[in-house]
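Hi there,

Here is the structure I promised to send over. Have a look at it first, and my notes follow underneath.

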Amino acid sequence: LAVAGRVLAYFEGNREDYQAGDTVCAGPNGKVMKMTREEIKEYPDRIIGLVSEIPEYETWGENNIKVNNRIWIKIK
């Protein structure tokens, strides 16, 4: 995981459940997982960052990095 900036991350659950601005924490198998409002209040130390984009494209950047059904996370 990056120290700062944005990263492409695999997520737990359904893609349709994630929106830009959602708060995420560490999930099973190295994935990120959307947090509920209650979890954010009770466990603020577990926040990894915020969803910044749900890409619809298959590759990114000059080196054509495969998105591979990942989402962009802005690291906290």
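Let me begin with threonine 23: setting aside neighbours within four places in sequence, this residue is in contact (heavy atoms within 4.5 Å) with Met33, Lys34, Met35, Ile40, Ile47, Gly49 and Leu50. Please keep in mind that this is a predicted model, where local features need pLDDT of at least 70 and side-chain atom pairs count only at pLDDT 80 or more, while totals for chains, interfaces and linings use all residues. Residues are numbered from 1 along each chain as its sequence is written, and side-chain values use heavy atoms, with hydrogens and water left out.

Threonine 23 sits in strand E2 (strands are DSSP runs of E, at least two residues, numbered from the N terminus). Its relative accessible area is 12%, so threonine 23 counts as buried (under 20%, with a 1.4 Å probe and protein chains only). Its bridge partner in E4 is leucine 50. E2 (residues 23-26) and E4 (residues 47-53) are paired antiparallel over three bridges; pairing takes at least two bridges found by DSSP.

The wider sheet is open and antiparallel, with five strands ordered E1-E7-E4-E2-E3. E1 (6-9) and E3 (32-34) are at the edges with a single partner strand each, so one side of each has no neighbour in the sheet.

Finally, the largest nonpolar core (buried Ala, Val, Leu, Ile, Met, Phe, Trp, Tyr and Cys residues joined through side-chain atoms within 4.5 Å) has eleven residues, among them Val7, Phe11, Val24 and Ile48. E7 gives the most to this core, three residues.

Best wishes

Definitions and conventions:
Helix = DSSP H or I, 4+ residues; strand = E, 2+ residues; numbered from the N terminus. Buried < 20%, exposed > 50% of the residue type's maximum accessible area, 1.4 Å probe, protein only.
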